[in-house]
Structures are given as C-alpha cells and as structure tokens.
Amino acid sequence: MENLISLVNRLQRACTALGDHGEETALPTLWDALPSIAVVGGQSSGKSSVLESVVGKDFLPRGSGIVTRRPLVLQLHRLDEGREYAEFGHLPRRKFTDFAAVRKEIADETDRETGRSKQISTVPIYLSIYSPNVVNLTLIDLPGLTKVAVDGQPDSIVMDIENMVRSYIEKPNCIILAISPANQDLATSDAIKISREVDPKGERTFGVLTKIDLMDKGTDAVDILEGKAYRLQFPWIGVVNRSQQDINKNVDMIAARRREREYFAQTPEYKHLAHRMGSEHLGKILSKHLEAVIKSRIPGLQSLINKTVIELESELSRLGKPIATDAGGKLYMIMEICRTFDGIFKEHLDGVRPGGDKIYNVFDNQLPAALKRLQFDKHLAMENVRKLITEADGYQPHLIAPEQGYRRLIETALILIKGPAEAAVDAVCILTTGCRCPDSIDVDGVHGVLKELVHKAINETVELKQYPSLRVEVGNAAIESLDKMKEESRKATIQLVEMENSYLTVDFFRKLPQDVEKGGNPTHSIFDRYNDSYLRRIGTTVLSYVNMVCGSLRNSIPKSIVYCQVREAKRSLLDHFFTDLGKKEGKQLGKLLDEDPAIMQRRISLAKRLELYRAAQAEIDSVAWSK
C-alpha cells in the first residue's frame, strides 16, 4: 500500500512541473482530483512545530508575521536504512543533508517567486524528505491565517491568504488538518472556523490541539480531546511541541518526541488518551487514512484521466499540427493543407459532400428554361419575317426560295441563344430577348456554383482556420483559377453557337416537302411571293430549324462547360498557386502560416497537459495492475 502515496507524490510533482497546481484555468486540472492533506492554522498556532515534529527535523523558516508565503508540498518517504536527506522539486539533482540549508532554500525559493516583499504566491514549493524516522505521507503546509496585515503587505493580504487556503480545503478530495492552540478559546480558532465552513459535518477534518502543556493551571483539554467540546468524525489528537527555549537550545527532535510521549503518559488528565496522542501517532494515523482515501479514489482517477486524455487529444486534433520551423517543413505543411482543401472541393463535386448537384441543376433546369424563355415566335412574327426577307433580297427579288432571307432569319434567331449559353457558364442577367442587361433576370451559372463550393471547402478545411493569411491566399488563388476557366468555357460555349450560325444543316432543308406552292412558284409575281401564307410557312420552317439547333446545343453546351470548367477545376484548381509557392522563401512561407498566438500557446499548454495525463495514466495503471 505504501506505493499509493508515492504514486500521488509523483503525480503532484508532475502536475506542478507542467503548471497544474489547482489554480483556476481553462485547462483540465489533475491536481484537484488527487487526494491531499492540507495543514491549516492561524499564525502562532504551532503549525510549523507540528510539521517538524512529524518529520523529526528542524527545517522550516521561523520568524514574526507571515513566514509561510507559498504552499509547501511536503512529501515524506520512509527509508529502511541510510542517511536522511531532502530534495527540492526545483533542484532535482541536489541532495540536502544539512536541514539548516533546507530552511534557507525554502526562504530563498519563496523570495524568487514573490520577491523580497511580503506578498504571497499560489505556486507551491516541492520538498521531499527521505528518512528512517518518518512515515510515508504528503502534507501541504499553507500560509497561516491572519486577521491584520503587517508593514509591507497590502490590506488584501488577509483575504488573499484565506482565499488560498479555501481553494485547497474546499475540494472534496482534500483532508483538512486543522491546527488549534489549546491555550486559546476553541470558538475563536481560525482553523476550526474555516474548516467548519467547507466541511460542516467534520467528515474530512482531523483536529490537532497544540500547546496543551502551556494551558493555565487548573485547566485541561480533555473535553476537546474526547470530542465533547467540538465533535469531529475523527478523534482529536493532542501534541506537545518544543518550547521556544528548546528551539533556541537546538533540542534534538527525537528527544522532543520522547518527552512528548512521557508528558501524555505521566499527566493524570491525559493518561487514558496517551495511546492516541503525540506527533508520532498523528503521522501514522494520517498516513493510514491517506492511503485508504487514495485507494478508494483510484477508479475515479482512472476514469477522469481516460476521459480527459480523449478530450485533450480531440482538442489538439481540432487545433491542428504545430508550425514547422524550417522552410521545407513549412512548404510541405502548406501543400498538405492545400491538398486537404482540394480533396474536400472534389468531394463536393463528386457528391461525397453536398453541393455538386447544383451544376446538374443548371444543365437540367436552368438552361432548358432559359432557352424556352427565348421568344422565337415574336422574332418570327409575320411582319419581322416580311421585313427580313425583303431586306435580304435587296434590289433583286429571290427567284425560287429566299435563301438569304432564310439565313438571316436563322442567324438572328440563333444569336439569341448566346444569352442562355453564357448564363450556363456564369451568373449573368438575361432578358427574354437574350440580351444582357442590368434590368434583367438573375440566372445562376456553373461558375457561381464552383465559387460557392470553393467557399464551402475553405470553411470545411479545419487547418485553414488556423492560418488566416493562407486561407485568404488559397481562396483568392482558387477564385482566380475559376475566373480563367470561366473565360475559356465562355469562349468555347459561344463558339458552339457561332458554329451553328456559320454552317447550317443542309439535310434539314433537303428533307422539306418540295411542293411548288410551298417552295414558291417562279411564274408568280414578286408581290405574290410575300403573301401571308408564304411568309407564315417560312417562319414555321425557320422555327423548326432553330428548335432543332436548341435541342442540339442543350446537349453540347453542358459537355463544353464540364470539360472547360468542372474538369479543369478538379485537375488544376491550385496549380498556379503551387507554382508560385515553390518560389517563396522561408519568411514568406512563414507569413502564410500566421497562426493566432493565443492558439499556439493553447496548443503548447494542451500538449503539456496531455503529457501529464498520459504519464498519470501509465502510473495509475501500473499500480492498479500490481494490486
């Protein structure tokens, strides 16, 4: 069972090394979950003397006012044999065999943290003592509670100390060692007062009564020690510390323990309680109780640690990898982030993620609808057909069929198709006549859909959220590439329409009925050739041809757009960006990886905390298996 206390000792040291010592923080804290014993008492209550009696060494700083200004985590390790020595957590390779030097180092380390002022600090000092004369035990010595500030201290010092003490003892895993002097009224005891506030039933509190030998003649502490004056769940323990005269004479601590035992055994009032009095008994009972508490907490600790490890790993994953230090590493990191973005963009196009279906919607709904909105019937109205036929004939009327008139009617009708064709490429405004105009109807094109998918992919690329400059550069590069692809696609799509204009499908006209009446009778007068029936027949023929062309373009325009825009976007969206990237130097690459300093610091803190929890996980698992 002794390895349980050693386990907590190791975990506490690891906590402090990584900055976890119970302060309020946004990071999970292991410190608060570890069972501990906090020593609480007012100034001049004999708190330091109790600790020295338990250790059997004179090692704590002494003086007037507030001497303990930082928490002292005192870890006692029992040796079977050998010379006793001490080690500090901040000086891990140095062994102290002179305990006067230990006292001086405590004072010096306090000053290093707080300066030579009389301020206090919540950062603990770690002191491990190895001796054959101690039991395995860990105690946290807290600054003594006070009622007034002394010279050089702010007025807030009284509340600062109380708040520090309270932050330790209010935690359910903390065992409270409440030190009260017997020569003062227990009702005024600072330790009992604050302990009662956080542990009203006395379930976590051990009461220690000091200065019993200094009580006025005719008085004793029997009622308190028997639990009649103030009941706690655990029996009160009385101790007799060295007097100031003993301290001045450097009376040996072992001799002082012997005199303490003799005092309780020989004093009539306390004879019946002697078996559970004294600093030796206090150390043993605390060690035994601490072991029992640690044992009961191990399953909960394992659960907490496992859960926190998962949470820390998840958040570190969300924050992304740390920035590489060399130019090659930075370039590789940027390329990897860009590939991730490119992969997400392709997933949108391929249907793995939503959004790519909007391109099909342009081809299947918007393009056909836009073609239907073209008012060919108005363009091929009787008067317009008559006008164009007449103008095409010029000064010499046509002889058999108005071929030039047909061509002009077809060409002017096919020009109208350019509007819907361009709209399929990009978001433009088209009127029912097909002309682009500010007052026309908005139609979404493939370019608009691709830009929307780029923005979605950027927002879904977690790594890009870390680096605002890279996010902007990647977005701009992708949109610039899409703009170039759009222009190529627009040219190719318009070419499809112009191809239809440049060479008409002759077979369509050859298959028309060759009735003299329908084709025109050359013996008729020129004026008969422009009668309504004749012109209507021409308009119907042209409309049939234009509808055939629309049907053909409805299939070829999507192919052209997909080839020029969608296919190219999948193949080479960031090619130009990658080319430029390879020309950049380390400093320029570093500017792209301009992560928020707060995120960088949090990643470092989380990584350290994860290291702590993984070490704790291994430590506790090894103890659990050994049991």
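Select Leu 127 and show its surroundings: Leu 127 touches Phe 59, Leu 72, Val 73, Leu 74, Gln 75, Ala 86, Glu 87, Phe 88, Val 102 and Ile 106, leaving aside residues up to four places away in sequence. Contact here means heavy atoms within 4.5 Å. The model is predicted, and local features need pLDDT of at least 70, side-chain atom pairs count only at pLDDT 80 or more, while totals for chains, interfaces and linings use all residues. Residues are numbered from 1 along each chain as its sequence is written, and side-chain values use heavy atoms, with hydrogens and water left out.

**The cores**

Keep Leu 127 selected and add Phe 59 and Ile 169: these three have the most contacts inside the largest nonpolar core, which has 98 residues. A nonpolar core is a set of buried Ala, Val, Leu, Ile, Met, Phe, Trp, Tyr and Cys residues joined through side-chain atoms within 4.5 Å. Buried means under 20% relative accessible area, exposed means over 50%, and partly exposed lies in between (1.4 Å probe, protein chains only). Next colour helix α9, residues 279-319, which supplies the largest share of this core with twelve residues. Helices (H or I, at least four residues) and strands (E, at least two) are DSSP runs, numbered from the N terminus.

Another core, of 70 residues, lies apart from that one; select Met 335, Leu 371, Ala 477 and Tyr 545, which are among its members. In soluble globular proteins, nonpolar side chains tend to be buried together.

**Strand β1 and its partners**

Go to β1, where six of six residues are buried. Show its side chains: Ser 36, Ala 38 and Val 40 lie on one side, Ile 37, Val 39 and Gly 41 on the other, and all of them are buried. Strands pair if DSSP finds at least two bridges between them. Six bridges join β1 to strand β7 (residues 174-181), and the two run parallel. To find the register, pick Ser 36, whose bridge partner in β7 is Cys 174. β1 also runs parallel to β6, with two bridges joining them. On that side, Ala 38 stands opposite Ile 140.

**The loops after β1 and β6**

From β1 (36-41), follow the loop that leads to α2 (47-55) and stop at Ser 44. Its phi is near 65°, a positive value in a residue other than glycine. Ser 44 has a relative accessible area of 59%, so it counts as exposed.

Select Gln 43 together with Thr 146: their side chains make a polar contact at 3.3 Å. For such a contact, a pair of N or O atoms must be within 3.5 Å; within protein, one must be able to donate a hydrogen and the other to accept it, and residues adjacent in sequence count only if both atoms are side-chain atoms. Thr 146 sits in the loop between β6 (137-141) and α4 (157-169). Thr 146 counts as buried because its relative accessibility is 14%.

**The β3-β4 hairpin**

Display β3 (residues 85-88) and β4 (residues 91-96), which run antiparallel and are joined by two bridges. The hairpin between them passes through two residues. Phe 88 is found opposite Leu 91 in β4. Now add Lys 95, which lies over the face of Tyr 85, at 4.5 Å from the ring centre. A charge sits over a ring if NZ of Lys or CZ of Arg is within 6 Å of the ring centre and within 35 degrees of the ring normal.

**Aromatic pairs**

The structure holds eleven aromatic pairs. Rings of Phe, Tyr and Trp (its six-membered ring) pair if their centres lie within 6.5 Å; planes under 30 degrees apart count as stacked, over 60 as edge-to-face and the rest as tilted.

Select Phe 206 and Phe 234, a stacked pair with 4.3 Å centre to centre and 10° between the planes. Phe 206 is in strand β8 (residues 205-210) and Phe 234 in the loop between α6 (222-225) and β9 (237-238), so this pair, 28 residues apart, links distant parts of the chain. Phe 206 counts as buried at 4% relative accessibility, and Phe 234 is buried at 16%.

Move to Tyr 263 and Tyr 270, a tilted pair at 6.3 Å centre to centre and 35° between the planes. Tyr 263 is partly exposed at 24%, whereas Tyr 270 is buried at 2%.

Finally, select Tyr 406, Phe 508, Phe 509 and Tyr 545, a cluster linked by ring pairs. Tyr 545 was also among the members of the core of 70 residues.
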